[in-house]
Amino acid sequence: MKAKNLLNIAEKYGCPVYVYDAHKIESQYQRLTSAFKEVSSLRINYAVKALSNISILKFLKGLGSGLDTVSIQEVELGLMAGFEPSSIIYTPNGVSFQEIEEVAEKGVQINIDNLDILEQFGTKHPQIPVCIRINPHVMAGGNTNISVGHIDSKFGISIHQIPHILRIVSNTGMRINGIHMHTGSDILDIGVFLYASNILFDTASQFEDLEFIDFGSGFKVPYRDGDIETNIEEFGERLTQRFKEFCKSYGRPITLAFEPGKFLVSEAGYFLTKVNAIKQTTSTVFAQVDSGFNHFIRPMLYGSQHQIINLSNPNGRERFYSVVGYICETDTFANNRRIPEINAGDILAFRNAGAYCFNMASNYNSRFRPMELLWYNDEAHIIRRGETLDDLVRNQVILDFN
Ligand SMILES: *Cc1c(COP(=O)(O)O)cnc(C)c1O
């Protein structure tokens with residue numbers, strides 16, 4: 001998006017505000033599908049948890065996407081956005097058996113990652129086909145918060161437990177129609193991904209009724225200049241070749257599925273904040289913005305580094321700033337970062353604010369959550385209004401002590 005448009009938005013709607021560029025979401029979607037254009041049946045299921053605004057879901061539906069969901073509430077949002085239940089996959093972890101049954105009743109594809117749940121489900125509903133989430137025990141990336149495929153992860157059924165799965169399937173007469181893995185969000189290396197894929201192919205070849213293999217996500221997007229990003233084009237070429245070989249040996253073509261969140265929406269998002277004050281201490285210059293980890297928690301939660309642009313003074317002389325928030329906690333967005341000179345009143349844009357940003361926002365410090373805008377056809381559209389005091393007290397039951 002152009003800086004000028006972001007600045008206009010900040011002026012017109014006020015800060016803090018999230019802005020998503022629909023065209024960027026579309027171009028990422030198209031990059032992914034064209035990297036796999038040689039696959040006869042490709043399915044992209046957008047991971048709702050990254051950014052779940054219904055207008056975003058509808059926009060992705062228009063592009064041809066399905067949905068990947070992790071809660072019954074995400075399923076409901078998808079249905080509200082107009083998705084067919086059959087174009088939604090549900091990949092829960094640690095949820096109640098009852099919730100899984102409720103989602104299955106809606107006609108949504110169930111993905112099970114627990115032997116005990118698999119046995120219960122197969123015994124009770126042998127007629128409903130399910131997908132199985134495998135843990136291939138591949139360490140993806142270095143950050144254990146987002147690596148979910150390694151040996152002691154709570155996600156997936158270990159590949160060492162495949163014999164158990166096969167026993168449950170034959171005892172219950174249930175049908176396994178998909179094999180799935182999701183090894184985390186930070187796979188730098190195509191080789192690692194392909195290695196995990198081979199494990200998935202080996203697993204898949206042991207099941208007769210497959211309709212799809214789901215490779216989850218793990219695409220890395222650039223956050224900083226010089227960051228490595230997954231080379232989707234090369235990855236597409238190499239995985240396509242292996243997938244075709246697999247289908248050949250399997251005896252029939254099946255669907256190849258992915259469920260990207262970050263890849264589709266991260267770079268489309270901008271979080272705009274206004275600088276309330278500059279505070280000089282003995283060692284640091286702080287730029288204090290009108291937000292905090294209540295609105296934007298990734299830097300504090302994951303140590304993620306989001307680029308910060310000074311929209312008001314893009315050509316100013318660069319100085320070192322620690323960009324912090326206004327809540328009563330340590331809420332550092334950036335430490336000693338070189339940014340063009342910042343003055344009170346300037347508008348700072350945080351990049352990569354599309355995925356896991358608004359959706360992790362809270363009302364901590366009794367602040368309102370930001371509004372969300374979609375930049376579409378050269379115009380900003382409100383897709384979530386800002387909150388008011390009424391929103392903060394909406395479900396409170398206020399007792400009277402007289
Ligand atoms: C979170 C999640 C995704 C999306 O991961 P990204 O890194 O945002 O692409 C995909 N599949 C499952 C099962 C997930 O939990």
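The following paragraphs go from the overall fold of this predicted model to the interface between its two domains.

Taken as a whole, the protein contains 12 helices and 18 strands. Its radius of gyration is 23 Å, close to the 21 Å that the globule rule gives for 402 residues, so the protein is as compact as a globular protein of that length. Along the principal axes, the C-alpha trace extends over about 70 × 65 × 40 Å.

Within this overall form, the domain assignment divides the chain into domain 1, covering residues 22-265, and domain 2, covering residues 269-380. The C-alpha centres of domain 1 and domain 2 are 33 Å apart, and the contact between them draws on 20 residues from domain 1 and 19 residues from domain 2.

The character of this interface can be described through its area and its polar pairs. Domain 1 and domain 2 bury about 1,700 Å² between them, and 50% of that area lies on carbon and sulfur atoms. No salt bridges are counted between domain 1 and domain 2, whereas 8 residue pairs, with both residues at pLDDT 80 or more, are found in polar contact across the interface.

On the side of domain 1 that touches domain 2, the elements that give two or more residues are α2 (22-35), α3 (54-63) and α10 (262-265). Sorted by class, this side of domain 1 has 11 nonpolar, 5 polar and 4 charged residues, so that charged residues are present on the domain 1 side although the count of salt bridges between the two domains is 0.

Methods. Residues numbered from 1 in each chain as written. Predicted model: local features only at pLDDT ≥ 70, side-chain atom pairs only at ≥ 80, totals over all residues. Heavy atoms only, no water. Domains from an automatic or database assignment. Contact = heavy atoms within 4.5 Å. Buried area = accessible area lost by both parts, 1.4 Å probe. Salt bridge = Lys/Arg side-chain N within 4 Å of Asp/Glu carboxyl O. Polar contact = N/O pair within 3.5 Å; in protein donor to acceptor, adjacent residues only side chain to side chain. Helix = DSSP H or I, 4+ residues; strand = E, 2+ residues; numbered from the N terminus. Rg over C-alpha atoms; globule rule 2.2 N^0.38 Å.
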